[in-house]
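User: I've got this model open and want to know what stands behind the labels people put on it. Can you take me through them?

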Amino acid sequence: MRWQGRRQSENVEDQRGRSPMGGGGMLGGRGVRVGGFGIGGTLIILLLGLVFGFDPSILLNGGYVDEGPAPRSSTVNPGSMPSAQSGAEGDLANFVSVVLAETEDVWGNIFSQSGRTYEEPVLVLFSDAVQSGCGSASSTMGPFYCPADRKLYIDLSFYRDLRSRMGAPGDFAQAYVVAHEVGHHVQNLLGVSRDVQAAQRQVSQSEANALSVRVELQADCFAGIWAHSMAQKQGVLEDGDIEEALNAASAVGDDRLQKQATGRVTPDSFTHGSSAQRVQWFRRGLDSGSPNSCDTFGNG
């Protein structure tokens, strides 16, 4: 992906090197689901919590976090991201800022076409640990979206795990992660997260898991819409970029991760979808470029 020289988002909050303030963890409660990249089953949850996008305690304590009033952070400083940072991590920080900016353009345009205003999320860069609106979080939890403060959180060291542990190298694979979490923000704005959380309270655990799968697949489809827009721009994508994103979507399928961790696959415990489903829905958004194609709740 040719990203150098492209606009960087002003909605990036750099907390790297700061000590997080104390506070309650992401435990218990019936609230809004935090989107990330994990699956059900205690052993699987603990394993995947180390590499992809969620706090293991969320699922081990019922799969939800309480959503109170969105807190006001005194550390948000739009535009505080340096325009150029040196070193590999500096390049990654600049890269994710560019990706976030592109998602702002894509979703801003889509919302505008529907007569709505897109409320841009903040992306928080942190190292080791962070205090979010959903509670304290460790870098071992991977990237996640907190609906309580409408922020995306990522420790850039995660991308090393994405490449080495998950077998999903490439910058467009890294971009897919950001676009997926932005997809959860879009769901939050549309009320999908709230409606699903309410429905999950009324059903069995296996049925709640099935609803979670639909949420995650829709976020994949929304990520595909972003990729569709990138593919329409001249001189942005390079050969192999789309394949990198598809490989990343496949790498985090519940069936593949369960098989790697335990040698068994338990479909009732899926919370994010199989590799085939994740690829299918990402590709659906990629091919159509339209949110109308992302009704995972009304389609198989």
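User: What makes the largest nonpolar core a core, and which residues touch the most other members?

Analyst: Keep in mind that this is a predicted model. A core here is a set of buried nonpolar residues joined through side-chain atoms within 4.5 Å. The largest such set has 57 residues, and W107, Y159, F172, Y176 and W226 touch the most other members. Elements giving two or more residues to this core include α3, β2, β6, α5 and α7. There's also a second, separate core of 11 residues, with V130, C146, A148 and Y153 among them.

User: How do you know that C134 and C146 form a disulfide?

Analyst: Sulfur atoms within 2.5 Å count as a disulfide, and the S to S distance of C134 and C146 is 2.1 Å. The torsion about that S-S bond is about 95°, so we call the disulfide right-handed. C134 sits in the loop between β3 and β4 and C146 in strand β5, so the pair ties together parts 12 residues apart in sequence.

User: Why is C134 called buried?

Analyst: Buried means under 20% relative accessible area. C134 has 7%, so it's buried, and C146, at 0%, counts as buried too.

User: What makes the link of C221 and C294 a disulfide, and which hand does it have?

Analyst: Against the 2.5 Å cut-off, their sulfur atoms are 2.0 Å apart, hence the label. The link has -75° about the S-S bond, which is left-handed. C221 is in helix α7 and C294 in the segment after α10, 73 residues apart, so the pair links distant parts of the chain. With relative accessible areas of 0% for C221 and 1% for C294, both fall under the 20% limit for buried.

User: What puts D254, L257 and Q258 on the same side of α9?

Analyst: D254, L257 and Q258 are the buried ones in that helix. They cover an arc of only 100° around the axis, which puts them on the same side of α9. An α-helix has 3.6 residues a turn, so residues three or four places apart point the same way. On the other side of α9, K259 and Q260 are exposed.

User: How do you know that β6 pairs with β2 and β5?

Analyst: Two strands pair if there are at least two bridges between them. β2 and β6 have 4 and run parallel, while β5 and β6 have 3 and run antiparallel. L152 in β6 stands opposite L123 and is also the bridge partner of Y145.

Note on methods: Residues numbered from 1 in each chain as written. Predicted model: local features only at pLDDT ≥ 70, side-chain atom pairs only at ≥ 80, totals over all residues. Heavy atoms only, no water. Buried < 20%, exposed > 50% of the residue type's maximum accessible area, 1.4 Å probe, protein only. Arc of directions from axis to C-beta.
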